[in-house]
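Thank you all for coming. I would like to walk through one structure with you this morning, going region by region and staying close to what the coordinates give us.

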Amino acid sequence: MKKWLLGCFSFFLISHCFANQTELEVIQRNSNQNELKIFDNRFRIDYQVDEITLLFFREKGTPAVILVRPDGSKIYATESLRDTSIQWFDDETYDIVKIKKPMPGPWQAIGKILPESKLMILSDIELHVDALPPLLFKGETIKVTGRLTNGGNPIEEGLFRDLVTLNVDFVSTNNKEYFNFGAKPVPIAELMDDGKGYDERPGDGVFTGEFELNFASGEWQPEYEVRTPILRRSLVKDPIIVEQSPISFAFTEAAEGEEHHHLAINVNTEKVKADSLIYQGTIYYPNGETQVFNLEAQDKVVRELKLVNYDWGVYEVELTLFGSNINGREFVAKVDKQEFEIDKPIEKVPEQDKPIVPEINLEPELPPEPELDVEKIIFWAVVGNVFILLFGFIVIRVFIQKKPLLGGLMNKLKKNKKDEKEQKVAHSEQKSDSSDEILNLSMPDE
């Protein structure tokens, strides 16, 4: 917001349900242009007013203003939390207050209000938007212009316009005959009267901008809305048709040994003038290289574009059209990126002098059955049985009979050895006795 605009104090009055034009003239009796001078931050509200909206500009960062009624009672910014008849919006540099059924008589504003203030009466705020062209193309860039008027006259108060934003939306009509059936609303642009972006002049009361139709083609309904913290005005226009691009493409792959692929660009002469079209764009090759091209206007329905043959891969073409449609309106439209893919060639197998045809066995080969080793099976069966018996003996001996595993066995071995020893001794004694007996049987000498 410009500094020279901040040197003003603006009071805006919106009056609803006036009985007749004479009552409005009572409010404007001292003004030729819907403006009244105020002194010492004082102003008067007549009894005919049912609702007013006040806009105060103050020094940046200062507290919100305080309003004093004719009876001396005060209205603060927090009053809107308790009283539903009052709406208060405060910013760093301004306050906006809407009051229903205001008390008639002299009012006063207390605060760091900027000097040289003035009062402005708003009787009937209207939004006017220029109609869009009847023939539009997808990808086209469109200029839109909107204006605000008060009682049929342009609003010249710059401080008010600085608070206004013009929003443009496109809403699908959900016509099944078009591609945009079931599409969500598309926010197109947000325009301001600040001289920035596409706005031509700041503070001239004209909201100017451009937007690109980079969404689905079909039947759309433009909706415009002016928004401020307390004021909204909407305008719905008749449906329009956003056409498909007026050109189409036919790609021809290069034959073996040729240096270029060929891209034919066909023009729809029912929509545009072929001799007015200028083509400008960029080719993206599969090896990473780019090529900028420009085709001047010619009276030809089909134009040809050559693409260098860089073998297989994806070729991309971006294109912008400059020309005139059949209604004579000049336009600029971006065409959706076109992609053309060349398949990778299949490697050829070298031919053999005498091709060998392998024999084809239709019966599936089964794996050989393993031979059974009977001896190994018997051996491991015996070992397994012995192991099971041994394990059972140990369990019975230790856990059931509660006897030591090796103690009894050792005793039995010792007893067996002792018995063997005794048997040997007895046997030797018996042998000795028998020998003695044999000696005794011999004949004595005479």
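Let me begin with a question: with which side chain does the side chain of His-261 make a polar contact? The partner is the side chain of Asn-309, at 3.1 Å. Before I go further, please keep in mind that this is a predicted model, and that the distances and areas I quote are computed from it.

His-261 sits in strand β22, which covers residues 260-267, and with a relative accessible area of 1% this histidine counts as buried, because the limit for that word is under 20%. If we leave aside its neighbours within four places in sequence, His-261 is in contact with a list of residues that includes Phe-251, Thr-252, Glu-253 and Ala-254, then Leu-305, Lys-306, Leu-307, Val-308 and Asn-309, and also Tyr-315 and Ile-342.

The sheet around this histidine is the next item. Strand β22 belongs to an open sheet of 3 strands in the order β21-β22-β25, with antiparallel pairing. The edges are taken by β21 (247-252) and β25 (302-308), each of which has a single partner strand, so one side of each is left without a neighbour in the sheet. On average, and with direction ignored, neighbouring strands here are turned by 25° against each other. Between β21 and β22, which run antiparallel, there are 6 bridges, and if you want a residue pair to look at on the screen, Phe-249 stands opposite Ile-265 in β22.

Moving along the chain, we come to strand β23, residues 278-284, which is joined by 7 bridges to strand β26, residues 313-324, the two running antiparallel. Within this pairing, Tyr-284 stands opposite Glu-316 in β26. Strand β23 is also joined by 6 bridges to strand β24, residues 290-295, again antiparallel, and there the bridge partner of Ile-283 is Gln-291. The hairpin of β23 and β24 has 5 residues between the strands, and in this hairpin Gly-288 takes a positive phi near 95°.

I turn now to the charged pairs, where the model holds 9 salt bridges, and I will take three of them.

In one of these, the side chains of Asp-50 and Lys-101 meet with an N to O distance of 3.6 Å. Asp-50 lies in the loop between β3 (42-45) and β4 (51-57), whereas Lys-101 lies in the loop between β8 and β9 (105-110), so the pair ties together parts that are 51 residues apart in sequence. The two partners fall into separate accessibility classes: Asp-50, at 23% relative accessibility, counts as partly exposed, while Lys-101, with a relative accessible area of 64%, is exposed.

Another salt bridge brings together the side chains of Lys-271 and Glu-243, with 3.6 Å from N to O. Since Lys-271 lies in the loop between β22 and β23 and Glu-243 in strand β20 (residues 240-243), this pair ties together parts that are 28 residues apart in sequence. Lys-271 is partly exposed at 24% relative accessibility, and Glu-243 is partly exposed with a relative accessible area of 23%.

The last of the three takes us back to β26, where Lys-337 forms a salt bridge with Glu-318, the closest N and O atoms being 3.5 Å apart. Lys-337 lies in strand β27 (residues 330-342) and Glu-318 in strand β26, so the parts tied together are 19 residues apart in sequence. Here Lys-337 is partly exposed, at 41%, and Glu-318 is partly exposed too, at 30%. Glu-316, which we met opposite Tyr-284, joins Glu-318 and Lys-337 in a network of salt bridges.

What, then, of a charged residue without such a partner, Arg-69: is it buried or exposed? Arg-69 is buried and yet has no salt bridge, for the nearest side chain of opposite charge, that of Asp-83, is 4.7 Å away, and the salt-bridge limit is 4 Å. This arginine lies in the loop between β5 (66-68) and β6 (74-75), and, leaving aside neighbours within four places in sequence, it is in contact with Lys-74, Ile-75, Ile-86, Met-103, Pro-106 and Trp-107.

I will close with two aromatic residues. Phe-89, found in strand β7 (residues 86-90), is partly exposed at 33%, whereas Tyr-94, in strand β8 (residues 94-100), is buried at 8%.

Methods
Residues numbered from 1 in each chain as written. Predicted model: local features only at pLDDT ≥ 70, side-chain atom pairs only at ≥ 80, totals over all residues. Heavy atoms only, no water. Helix = DSSP H or I, 4+ residues; strand = E, 2+ residues; numbered from the N terminus. Buried < 20%, exposed > 50% of the residue type's maximum accessible area, 1.4 Å probe, protein only. Polar contact = N/O pair within 3.5 Å; in protein donor to acceptor, adjacent residues only side chain to side chain. Contact = heavy atoms within 4.5 Å. Pairing = 2+ DSSP bridges. Axes fitted to C-alpha atoms, helices over the stretch in contact; angles between N-to-C directions. Lys, Arg positive; Asp, Glu negative; His and termini not counted.
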